[in-house]
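Here are some notes to read alongside the structure, written for someone meeting it for the first time. Please keep the sequence and the 3D view open while working through the points.

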Amino acid sequence: MSATVAPAPPALDVETREALYRSMILLRVFEKRAHDLFLQNLVKGTSHLGLGQEAIAAGFAHAMRPDDWTFATYRGHNHTLARGADPGAVMAELLGRANGVLHGKGGSMHVGDASKGAMGSYAIIGAHLPVAAGAAWSAKLRGTEQVAVCFFGDGTTNIGAFHEALNLASVWKLPAVFVCENNLYMEYTPIASVTAVPNPAADRAAAYGLESWIVDGNDVEACYGAALAAYERARAGRGPALIEAKTYRHGGHSRADPAAYRPKGELEAWLARDPIETYRARLREHGVAQEAIDAFDAAALALVDRATEEAKNGPLPAPESVTTNVWADGGSAWRN
Amino acid sequence: MAQLTYRDAVAAGVAQEMERDPNVVILGEDIAAAGGVFKTTVGLLERFGPDRVWDTPISEQAILGAAMGAAMTGLRPVAEIMFSDFLAVCWDIVANQIAKTRYMSDGQVTIPLVVKTGNGGGLRFGAQHSQAVENWAMAIPGLKVVAPSTPADVKGMMAAAIRDPDPVIFFEAKGLYPTTGEVPDGEHVVPLGAANVVRDGKDCTVLALGAMVPRALDAAERLAREGIDAQIVDVRSLVPLDARTILSAASASGRVFTVEENPRLCGWGAEIASLIGEECFYDLDAPVVRITTPHVPLPSADVLEDAARPSVERIASTIAREMAR
């Protein structure tokens, strides 16, 4: 087993760097706000935040074409927003409002915006890997050169659908890119304690005849570079990629989890490698003025403030909508 | 009219739609080069080529997941799950993903696909290759569920299922694959959600599905000799359900029997009996009687399997006994 570092990004212009930063900071501010709104009991049910994992969502999304597809997990706010979904509509979904992006039918664990290529968040571990393979199959058959990009956690590498999807995608040479966000924990348990290999995704790539790519998931440019390389290969008909992005979840698994199981000092060590803080420093090294960075931060905050207001002020869904949109005719009739 | 076997009618229905719509593709284990283990896809690879007819690994989650992803993005896949028992290994994709994603997205995506699967007993394959599981599928909101009993309906309902914008679970009665029947020439489509009165009769109404339909018809001939004139309704489509035809038949005869291959508890007939009880109770002369496989796994030995599934003899004798009360 020899995992290799994913291809490095090409030389990036300042506009690309700024765009990557703006994407990350929006996700960060949004997720922090979502957390605040949980504490105010405005978000019901559960929620799984992507705090700390923004570089992966931003880097991989920015490298996509508008007609590429994203398939996300229940930790999917980042990935949906990174495709350009309206933050107000996503926030309203978390609050169960009629102006939510799914009109209250999906909630936090299922956010998506198909009009932006965000094909939904899937809350059963592993399920969306074969679905993404199917979208890629459709692109291949129709000759559209679209790519299906599927994000999942380290825990997903231990469920059967992972194996089935990777094998099928490889055998059929599908334009699918599978991105494992290894944040070191499957829910509450260290992934290393329940996985036979040290790199849960990368060490298994060989089993599917794929190259073994590892990328620093806290480095947005590294993610962007790996994405560009993988998408180019996929569009050229050279088959799928499996990329393991090493990262860290700043919070617990879900709203209910204070993450007390983490060893002392681990969080602090990873916070020192925070994808946003470190990228601010890099932007400055590349000559981006602090004022410009502050302006990006302020813009993200303003956007999330507005999203919060739209969500809080959004109407509640009409109870009658319970029985709409089961079927393509808009209804739910099962009998005449 | 051409005489076709039930199994050839499956391929004929798929072929008719593949000819009509280039977005129709088919995938499954052994379905391309081998023509299917039950030979229900013979000739499709030769006629439509490897870009539209795909052999898969033994990966039921990947088969149905791929079908779903393709359906969400513009294709109309037909996916074969060889034995309906195997739906259990990909039930997450069926029940959580295919069935619910349209609703959870409030209509952002539609999932026009068909899952075709060999269902039910009669081949002595034992408990893991013989189950009738139409009631599993019927219990999940978001799935359409059909189970034709004749070659004509197989072809016509396959066509309708492929054209339908929603996911359809298409149960093929394994025991009927070698049976033959007339199939109309030319384009043939039988709408989903329409029950079919296949034998008129005034004394009682017998609701049957799939492999139980020909048995109910044979039982009706026996009953006729005993002076009981049984109406036979081929339910054909569980979701959507043709409640109108079923309720009006029940009201007219006042006596209703179901003949179900699925095991007793929560079988499809239970829902229909409940519907009849709620909506035409006062038209009934006696309680609805359900004739089902008992609530057991299906055994393998021929005498045991025959004892478990509703037989012509059991159908006829149960109806005769109940009608004599």
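1. This is a predicted model, and a good place to begin is A:Ile243, which touches A:Ala6, A:Val177, A:Val179, A:Cys180, A:Trp213, A:Val215, A:Ala226 and A:Ala230, leaving aside residues up to four places away in sequence.

2. A:Ile243 belongs to the largest nonpolar core, which has 213 residues, and together with A:Ala133 and B:Val206 it is among those with the most contacts inside that core. Helix α7 of chain A, residues 220-235, gives the largest share of this core, namely 10 residues. In soluble globular proteins, nonpolar side chains tend to be buried together.

3. In chain B, please look at the open sheet of 5 strands, whose order is β9-β11-β10-β13-β14 and whose pairing is mixed. Its edge strands, each pairing on one side only, are β9 (196-199) and β14 (289-293) of chain B, and the twist from one strand to the next averages 25°.

4. Within that sheet, strands β10 (residues 204-208) and β13 (residues 256-263) of chain B run parallel and are joined by 4 bridges; B:Leu207, for example, has B:Thr258 in β13(B) as its bridge partner. Helix α8 of chain B, residues 212-225, packs on the sheet and touches β9, β10, β11 (230-234) and β13 of chain B, while its direction makes about 170° with that of β11(B).

5. Is B:Met1, in the segment before β1 (2-5) of chain B, buried or exposed? B:Met1 is exposed, because 9 other C-beta atoms lie within 10 Å, and a residue counts as exposed at 12 or fewer. B:Met1 nevertheless touches B:Glu182, B:Val183, B:Pro184 and B:Asp185, not counting residues up to four places away in sequence, and its C-alpha atom is separated by 5.3 Å from that of B:Asp185, 184 residues apart along the chain.

Key:
Residues are numbered from 1 along each chain as its sequence is written. Chains are lettered from A and ligands numbered from 1 in the order in which they are written. This is a predicted model: local features need pLDDT of at least 70, side-chain atom pairs count only at pLDDT 80 or more; totals for chains, interfaces and linings use all residues. A nonpolar core is a set of buried Ala, Val, Leu, Ile, Met, Phe, Trp, Tyr and Cys residues joined through C-beta atoms within 7 Å. A residue is buried if 20 or more other C-beta atoms lie within 10 Å of its own, exposed if 12 or fewer, and partly exposed in between; C-beta atoms are placed from the backbone. Helices (H or I, at least four residues) and strands (E, at least two) are DSSP runs, numbered from the N terminus. Two residues are in contact if their C-beta atoms, placed from the backbone, lie within 7 Å. Two strands pair if DSSP finds at least two bridges between them. Axes are lines fitted to C-alpha atoms, for helices over the stretch in contact, and angles run from 0 to 180 degrees between N-to-C directions.
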